[in-house]
Amino acid sequence: MSDTLPLLRRLWRDEVRRFLPVLLAALILMTLEGATLGAMSYLVQPLFDEVFVAGNATAVQGIALAIAGIFTLRAVAGFGQRVLVMGVGLKVTTALQTRALDHLLDLDAGYFQANAPGDLIERVRGDTLALQQTASAALMTVGRDAISLVSLLAVMLWVDWRWALIAFVGVPILILPLALLQRWIRDTTRQARGSASLLSTRLDEIFHGMVSIKVNRLEDHERARFGREVAGFLTAQIRSETGKAALPAVIDVIAAAGFLGVLLYGGAEILAGEKTVGAFMSFFTAMALLFDPLRRLSMVSGQVQAAAASLERIYAMLDVRATVLPPAAPVPIAAGRLVFHDVDFAYGQEPVLQRLSFTAEAGQTTALVGPSGAGKSTVFALLTRLIDAKSGAITIGGTDVAAADPADLRGLIAYVGQDAALFDETIAENIRLGRLDATMDEICAAAAAASVTAFTDAMAAGLGTRVGPRGASLSGGQRQRVAIARAVLRDAPILLLDEPTSALDTASERVVQAALTDLAKGRTTLMIAHRLSTIRDADKIVVIDRGGAVESGSHDALMAKGGLYANLVAAQASFGRQNGVGGSGSPPGHAPDRHPK
Ligand SMILES: Nc1ncnc2c1ncn2[C@@H]1O[C@H](COP(=O)(O)OP(=O)(O)OP(=O)(O)O)[C@@H](O)[C@H]1O
Ligand SMILES: [Mg+2]
């Protein structure tokens, strides 16, 4: 319970407090609704003593009207408070969801490599919904039932305070079990929420990996794995629900002891003529009515624990801080020469780049080549500040990229990655993402330059064709061309191309390569390529191996040198000869994976 309070206090301060007027109105309605129960049990006394015992016929009409009035009031007040509380609950939930996405969009790219989309979706959607359900239920109950409880207690005390004490003889023995139950609910709910995350992650992976699952015939494997994980979730959820169900049961045990005591003690007093039947009945009604709200209030404590388990997960996500931050006083940055000077970088413990140094001259095309896993894509991630170097300096036009605002830095760069990220919109909309204020004419021109129109012209909807989730209804080469069109439209002074034509056939590659050469004119271009024939004409070639630049120069100079580059070229040429293909048609010359150690 102790660590629950700070969570609730934070929720109140950040999200709920601004609804204070609405909540106060709801509280007034709850008070009215709750007080009706006390009034009901209070009316039982005149009903018995004056109507049934004294035989006063006129009193019955008054009492009947009063009871009808009380129920009507209860109906109106109950309806009103439920609508108000539900509205606040929904607004708090959606505000939390918006805040979560807002926050996540500012986090480092690394966070999303470490945290599965399914888990994050479950936190943003699942936990906020769980919170809303439990919290609004708890709030409605607390307001109304606490008032009911107080009004009924007042009636009990008014009838006889000794009887009231006896009614609660069972409480002290059950305090410890109640406390243990709370802990149990919190722990099992936490496990259930974790399992829910795992399930969402698994579903996300299955749906994204459907093709691999099918061609590798992994359906049964995935079924079995999902089945095990569902079973884990089920166990945790059932434990948590059992804990919640045990709370009202504990209250009923208290009620049993109370009724026993009051009946034995109070019954004797009535038989002895010390109390009226009406007083006894009024007390008894109040007591019977009291245990119902008490039972619900006990469930609230379980709901609060469940809500805390979700809140914990939401706040753990909201408390992650980005490490790639704009500096306090960002310096302006402009395009120019790109320099890596003794740059070290590691994902975790494993060094990826070690003292990497090279220069890419402004307005020229520099190619990065090297074995798979050498660290080429990592160079691009550092340039765009998706990640930050451990040591060394990266400068653009003499300005350290770490001193600039990442937004300014990225504004200078057009980037075409190894896998083109398309969104489920039209091809035109996907291209527009390069520059949101582009006109349709500019989009069409970019589409033509990147040979997108070469395949959209045959489509009924042309550039208006939807691409499906993650661009699934386009071929790999078509997706790549859309990504290139985006870069063309972006018209940025620095161009980063990470194997932009790897998915294209020889004919389309020639066309797109020509478009890229055109695009690269006058821009500072860094291009990663495995198919070495595509970078032969680069102004400079930098060969990266094991996280460092091992040689650099023009194609001719490197060939003459007879180093790693010449070996790679020779390997590709011989592979091409053996397989009966040549020139730029040779397959990507992936040397065996080499990881820098
Ligand atoms: N997010 C990551 N977390 C941990 N290690 C990573 C991550 N991304 C890359 N690596 C590791 O960093 C090394 C360099 O990766 P990088 O993607 O830069 O290679 P690359 O030269 O672009 O290779 P390829 O030619 O195959 O694209 C690899 O050993 C890889 O395993
Ligand atoms: Mg790469």
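Is E499 buried or exposed? In this predicted model, E499 counts as buried, because its relative accessibility is 10% and the cut-off for a buried residue lies under 20% relative accessible area. The residue belongs to the loop between β7 (494–498) and α17 (506–520), and its backbone carries a positive phi of about 50 degrees, although E499 is not a glycine.

**Loop residues**

A positive phi is also found at R385, with a value of about 55 degrees, and R385 is not a glycine either. This arginine lies in the loop between α11 (376–383) and β4 (391–396), and it is buried, with a relative accessible area of 3%. R385 takes part in a salt bridge with D388, in which the closest N and O atoms are 2.8 Å apart. The partner, D388, is partly exposed, with a relative accessible area of 27%. Elsewhere, salt bridges that share partners link D3, R186, D187, R190 and E312 into one network.

S451 is placed in the loop between α14 (440–449) and α15 (453–456). With a relative accessibility of 9%, S451 counts as buried, since that value falls under the 20% cut-off. Which residues are in contact with S451, leaving aside its neighbours within four places in sequence? They are R481, V511 and V512.

**Helix α5 and the residue that follows**

Helix α5 covers residues 117–159, which makes 43 residues, and at 1.5 Å a residue these should span 63 Å. The C-alpha atoms at the two ends of α5 are 61 Å apart, which agrees with that expectation. The helix nevertheless has a kink of about 35 degrees, and this kink is centred on R123.

D160 is located in the loop between α5 and α6 (161–167). It is buried, with a relative accessible area of 4%, and, when its neighbours within four places in sequence are left aside, D160 is in contact with E269, K275 and F283. The side chain of D160 also meets that of R162 in a salt bridge, at 3.1 Å from N to O. The two partners fall into separate accessibility classes, because D160 counts as buried at 4%, whereas R162 counts as partly exposed at 31%.

**Salt bridges**

How many salt bridges does the structure hold? There are 38, and the table sets out three of them by the N to O distance.

| Salt bridge | N to O distance |
|---|---|
| D14 and R10 | 3.8 Å |
| D160 and R162 | 3.1 Å |
| R385 and D388 | 2.8 Å |

The pair D14 and R10 sits within one element: both residues lie in helix α1 (residues 4–16), where they are 4 residues apart, or about one turn of the helix. D14 counts as partly exposed at 26% relative accessibility, and R10 is likewise partly exposed, with a relative accessible area of 22%. In the pair R385 and D388, by comparison, R385 is buried at 3%, while D388 is partly exposed at 27%.

**A nonpolar patch on the surface**

W12, L20, L24 and L27 form a nonpolar patch on the surface, and together these residues have about 340 Å² of accessible area. Which helix gives the most to this patch? Helix α2 (residues 20–53) does, with 3 residues. One of the patch residues, L20, is found in helix α2, and L20 is partly exposed, with a relative accessible area of 35%. That value suits membership of the patch, because patches are made of residues with over 30% relative accessible area and no salt bridge.

**Helix α19**

S574 is found in helix α19 (residues 564–578), and at 26% relative accessibility it counts as partly exposed. Its place can be related to that of R531, which is 43 residues away along the chain: the C-alpha atoms of S574 and R531 are separated by 13 Å.

Terms used
Residues are numbered from 1 along each chain as its sequence is written. Chains are lettered from A and ligands numbered from 1 in the order in which they are written. This is a predicted model: local features need pLDDT of at least 70, side-chain atom pairs count only at pLDDT 80 or more; totals for chains, interfaces and linings use all residues. Side-chain values use heavy atoms; hydrogens and water are left out. The expected span of a helix is 1.5 Å times one less than its number of residues. The bend at a residue is the angle between axes fitted to the seven residues ending there and the seven starting there. Patches are made of residues with over 30% relative accessible area and no salt bridge: like charges are joined within 9 Å, nonpolar side chains (Val, Leu, Ile, Met, Phe, Trp, Tyr) within 5 Å. Accessible areas come from the Shrake-Rupley method with a 1.4 Å probe; for residues, only the protein chains shown count as cover. A salt bridge is a side-chain nitrogen of Lys or Arg within 4 Å of a carboxyl oxygen of Asp or Glu. Buried means under 20% relative accessible area, exposed over 50%, partly exposed in between (1.4 Å probe, protein chains only). Contact means heavy atoms within 4.5 Å.
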